[in-house]
Amino acid sequence: MADLALASPRSPKRPAARRSNFELYSWLFMRISGLALVILVLGHLLIMNILDGGVHRINWGFVAGRWASPFWQFWDLAMLWLAEIHGGNGLRTIIDDYARKDSTRFWLKILLYTSMVLILAVGTMVIFTFDPNMPAN
């Protein structure tokens with residue numbers, strides 16, 4: 001019988017392309033954070049706008065009493081971080097889809113990431129450094 005071995009390919013061997021799973025994780029994050037945000041935001045709206053007199057009771061004392069509790073600090077911090085990263089990730093996708101030039105895409109992303117970091121930093125600082133004992137003016 002004749003030897004049925006396959007001939008070597010003529011093209012040079014290349015290592016397999018190393019692809020990142022960033023877009024997969026980004027897609028998963030959007031779904032999970034979206035569900036978490038629905039719960040956090042609906043809870044926030046229910047507590048702040050509907051229960052116990054609604055918006056008429058919201059003042060300095062109400063916020064001071066609310067943020068005196070680590071539970072509410074964590075709730076608001078989770079809502080801030082998830083909303084900011086969820087929205088930033090969505091805008092990143094829009095920039096990737098619609099910015100035609102690489103330089104435009106680059107500068108739009110720099111602007112997006114800078115604004116995200118600033119908003120997260122200021123929001124986190126406000127939540128953690130808020131002094132509930134500070135007198136209202």
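Here's a quick rundown of the helices in this structure and what packs against them. Keep in mind that the model is predicted. Two helices get most of the attention below: H1, covering residues 22–50, and H3, covering residues 70–98.

**Helix H1**
- H1 runs for 29 residues, and its first and last C-alpha atoms are 40 Å apart, close to the 42 Å expected at 1.5 Å a residue.
- Its buried residues are Ser26, Met30, Ser33, Leu37, Leu40, Gly43 and Met48.
- Among the elements covering those buried residues of H1 are H2 and H3.
- After H1 comes aspartate 52, which has a positive phi, near 50°.

**Helix H3**
- H3 has 29 residues, so at 1.5 Å a residue it should span 42 Å; the end C-alpha atoms sit 41 Å apart, which agrees.
- The buried set in H3 takes in Trp75, Leu77, Ala78, Met79, Gly88 and Ile95, along with Gln73, Asp76, Glu84, Asn89 and Arg92.
- Cover for the buried residues of H3 includes H1 (22–50), H2 (60–67) and H4 (102–129).

**Transmembrane annotation**
- The unreviewed UniProt entry puts "transmembrane region" on residues 24–47 and 110–130.
- In the model, residues 24–47 are 100% helix and 0% strand, with end C-alpha atoms 35 Å apart.
- Residues 110–130 come out as 95% helix and 0% strand, and the C-alpha atoms at the ends of that span lie 30 Å apart.

Technical notes: Residues numbered from 1 in each chain as written. Predicted model: local features only at pLDDT ≥ 70, side-chain atom pairs only at ≥ 80, totals over all residues. Heavy atoms only, no water. Helix = DSSP H or I, 4+ residues; strand = E, 2+ residues; numbered from the N terminus. Expected span 1.5 Å × (residues − 1). Buried < 20%, exposed > 50% of the residue type's maximum accessible area, 1.4 Å probe, protein only. Contact = heavy atoms within 4.5 Å. UniProt positions renumbered as here; feature names shortened; annotations may be inferred.
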